[in-house]
Amino acid sequence: MVSIDVIATLFVVATLAGALDAIAGGGGLVTLPALLLAGLSPVQALGTNKLQGAVSAISSTSAFARRGLIDWKTAWPVAAAAAVAGLCGALCASLLSPQVLRAIVPVLLIAIALYFGFSRALKSEDVTPRMALVPFACFVTPLVGFYDGIFGPGAGAFYMVAIVTLLGYGVLKATAHTKLANAASNLGSLTLFALKGVVVWPVGLAMAAGAFIGAQVGSRLAMRFGPKLIRPLLVVISCAMAVKLLADPANPIRQAIGL
């Protein structure tokens, strides 16, 4: 059992994380450790975190949609592919070792941070896409959605860089579509966690309420300040996630260099 005081604290944590998630992703950096500190087992923390993360992404998606920033003809195929891939990733989570991902993902996140920091491709307006919607939804989206279901950290950054570079969306529009894809893959993996009975619903629902509120605030900040806010936060969050993964004593990179 989790006390009311702890649930109230997790509500506040989820609110802050929801605002962060709506702008640049990375809310799981805050919520997952908080759930573990609250006494949940690792699998309970993962399942419960997917609940609040899905609600956070749905909340920010709704805010962006009200501003007309989502092209639904593009968004639905991508979201459907992300949901199926997220479910498949969660199904395979217990079958595949995450050690390779722990080694590769920090390197990818640092590369993404450098890309967002120095690339001139990040603009406010849309540009000519480099890939058509069908191959993007069939091949690119499932890769990120599967990763989100099986491991998770940095999935938002991976969606973002794929949407910007391949579909040619401007930063704010890409952020909106990233949140929808995130919501879909989170819901896909949440389905499995719920069926397995590992979601702690009182905690998850309280955090979901906080995440919904925080995401509304964060999405409005993103729409108000645009790339001036989104770009630096993407760099900071990507680096923070890389550092967090590398700080894990079980990380293969640390073990390889003897740290």
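Ser238 touches Leu109, Ile112, Ala113 and Ala157, leaving aside residues up to four places away in sequence. Ser238 sits in helix H10 and counts as buried, because its relative accessibility is just 1%. Keep in mind that this is a predicted model, with a chain average pLDDT of 89 and 96% of the residues scoring at least 70. Here's a quick tour, starting from the packing around that serine.

**Cores and packing**
- Leu109 is a good place to go next: with residues up to four places away left out, it touches Gly154, Ala157, Phe158, Ser238, Met241, Ala242 and Leu245.
- The largest nonpolar core has 47 residues, and Leu109, Met160 and Ile230 are the ones that touch the most other members.
- Helix H7 (residues 155–167) is the top contributor to this core, giving 10 residues.
- Apart from that core lies another one, of 13 residues, with Ala34, Leu40, Ala45 and Ala211 among them.

**Helix H1**
- H1 covers residues 4–24, which makes 21 residues.
- From first C-alpha to last, H1 reaches 30 Å, close to the 30 Å expected at 1.5 Å a residue.
- Buried residues in H1 include Ile7, Leu10, Val13, Ala14 and Ala17, and Asp21 is on the buried list as well.
- What do the buried residues of H1 pack against? Their partners are helix H2 (28–37), helix H3 (42–66), helix H8 (171–195), helix H9 (201–225) and helix H10 (227–247).
- Just past the end of H1, Gly25 takes a positive phi of about 80 degrees.

**Transmembrane annotation**
- An unreviewed UniProt entry places "transmembrane region" features at residues 75–97, 103–119, 156–172, 193–217 and 229–247.
- In the model, residues 103–119 are 94% helix and 0% strand, with the end C-alpha atoms 25 Å apart.
- For residues 156–172 the figures are 82% helix and 0% strand, and here the end C-alpha atoms are 14 Å apart.

**Cysteines**
- How many disulfides does a search of the whole structure find? The count is 0.
- Why is there no bond from Cys88? The closest cysteine sulfur, in Cys92, is 6.7 Å from the sulfur of Cys88, so the pair is too far apart for a bond; the cut-off for a disulfide is 2.5 Å.
- Seen from the other side, the cysteine sulfur closest to that of Cys92 belongs to Cys88, again at 6.7 Å and too far for a bond.
- Cys88 counts as partly exposed because its relative accessibility is 32%, and Cys92 also counts as partly exposed, at 24%.

**A loop glutamate**
- Glu125 is found in the loop between helix H5 (99–118) and helix H6 (133–150).
- Is Glu125 buried, exposed or partly exposed? Its relative accessibility is 48%, so Glu125 counts as partly exposed.
- Glu125 and Ser3 are 122 residues apart in sequence, and their C-alpha atoms are 48 Å apart in space.

**Confidence**
- Within the chain, mean confidence is highest in H9, at 96.
- Confidence is lowest in helix H11 (residues 252–256), where the mean is 78.
- As a general caution, predicted coordinates should not be read in detail where pLDDT is low.

Note on methods: Residues are numbered from 1 along each chain as its sequence is written. This is a predicted model: local features need pLDDT of at least 70, side-chain atom pairs count only at pLDDT 80 or more; totals for chains, interfaces and linings use all residues. Side-chain values use heavy atoms; hydrogens and water are left out. Helices (H or I, at least four residues) and strands (E, at least two) are DSSP runs, numbered from the N terminus. Buried means under 20% relative accessible area, exposed over 50%, partly exposed in between (1.4 Å probe, protein chains only). UniProt positions are given in the numbering used here, feature names are shortened, and annotations may be inferred rather than shown by experiment. The expected span of a helix is 1.5 Å times one less than its number of residues. Contact means heavy atoms within 4.5 Å. pLDDT is the predictor's confidence in each residue, from 0 to 100. A nonpolar core is a set of buried Ala, Val, Leu, Ile, Met, Phe, Trp, Tyr and Cys residues joined through side-chain atoms within 4.5 Å.
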